[in-house]
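Good morning, and thank you for coming. Please look at the sequence and the model as they appear, and then follow me through the interior and its rings.

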Amino acid sequence: MPPEAENSSASLHWRALEGLYGSAPVNHLFESRLEVVSEGLARIHFDVTPSCFHAAGAAHGTIYFKMLDDAAFYAANTLVTDRFLLTTSFNLFFSRPIHQGRIIAEGRWVSGRRRVLVAESRLIDEAGEEVGRGTGTFQRSRIALSSLDGYNAGLRAALDPSGD
């Protein structure tokens with residue numbers, strides 16, 4: 001990233017979203033990390049371990065949903081700087097089982113900026129194969145991003161990366 005872009009308002013918003021993701025208690029249950037790449041593009045890096053498996057030895061469908069929803073949600077929320085979005089619907093497609101390893105969920109904003117936003121996401125396994133895909137709709141909530149501790153912590157970290 002060019003130095004002049006590091007503290008742009010968009011970049012600060014993206015780092016704050018990464019802080020918000022990291023602060024969610026549910027994300028402490030999984031080895032995962034959000035990377036906001038650019039406006040409308042977010043990636044979740046996720047390690048699938050046996051603790052995520054169903055009885056037949058592959059990742060449970062909840063894991064697919066979590067990764068796909070999170071990636072699409074954060075891709076959409078890059079375009080909304082004042083409000084937390086809510087998932088209003090999500091459709092997902094399972095392409096193949098996930099057995100173990102690093103998965104990347106890549107979310108992309110598709111359309112909408114005002115009231116309802118649409119984003120899609122896909123899961124890519126370590127071999128580069130798509131293992132799942134989803135599309136969601138997201139709507140602005142009444143929750144101000146600035147009221148959320150994780151968002152503010154991410155913003156503070158972006159403004160002072162040395163931690164001072």
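**Rings, core and helix α3**

Let me begin with a single contact: R113 lies over the face of W109, 4.8 Å from the centre of the ring. Please keep in mind that what we are viewing is a predicted model.

I turn now to the interior. The largest nonpolar core comprises 37 residues. Those with the most contacts inside this core are V48, M67, Y74, I98, L123 and F138. Both helices and strands supply it: the elements giving two or more residues include the helices α2 (9-23) and α3 (61-77), and the strands β1 (31-38) and β6 (130-144). Which element gives the most to this core? It is α3, with 10 residues.

One residue deserves individual attention. Leaving aside residues up to four places away in sequence, M67 touches I44, F46, I98, I103, A105 and L123.

Let us consider helix α3 as a whole. Of its 17 residues, 14 are buried, so the helix is largely enclosed by the rest of the structure. We may also check its length. At 1.5 Å a residue, the 17 residues of α3 should span 24 Å, and the C-alpha atoms at its ends are indeed 24 Å apart, so the two values agree.

My next topic is the aromatic rings. Searching the whole structure yields seven aromatic pairs. One of them joins Y21 and Y74 in an edge-to-face arrangement, with 5.7 Å from centre to centre and 80° between the planes. Why does this pair tie together parts that are 53 residues apart in sequence? Because Y21 lies in helix α2 whereas Y74 lies in helix α3.

Are these two tyrosines buried or exposed? The cut-off for buried is under 20% relative accessible area. Y21 has 3% relative accessibility and therefore counts as buried. Y74, at 6%, counts as buried too.

Y74 also pairs with F73: their ring centres are 4.7 Å apart and their planes stand at 85°, so this pair is edge-to-face. F73 is itself buried, with a relative accessible area of 6%.

Finally, these rings belong to a wider group, since Y21, F73, Y74, F84 and F138 form one aromatic cluster. Two of its members, Y74 and F138, were named earlier among the residues with the most contacts inside the core. Thank you for your attention.

Note on methods: Residues numbered from 1 in each chain as written. Predicted model: local features only at pLDDT ≥ 70, side-chain atom pairs only at ≥ 80, totals over all residues. Heavy atoms only, no water. Core = buried A, V, L, I, M, F, W, Y, C linked by side-chain atoms within 4.5 Å. Buried < 20%, exposed > 50% of the residue type's maximum accessible area, 1.4 Å probe, protein only. Helix = DSSP H or I, 4+ residues; strand = E, 2+ residues; numbered from the N terminus. Contact = heavy atoms within 4.5 Å. Expected span 1.5 Å × (residues − 1). Phe/Tyr/Trp six-rings, centres within 6.5 Å; stacked < 30°, edge-to-face > 60°. Lys NZ or Arg CZ within 6 Å of the ring centre and 35° of its normal.
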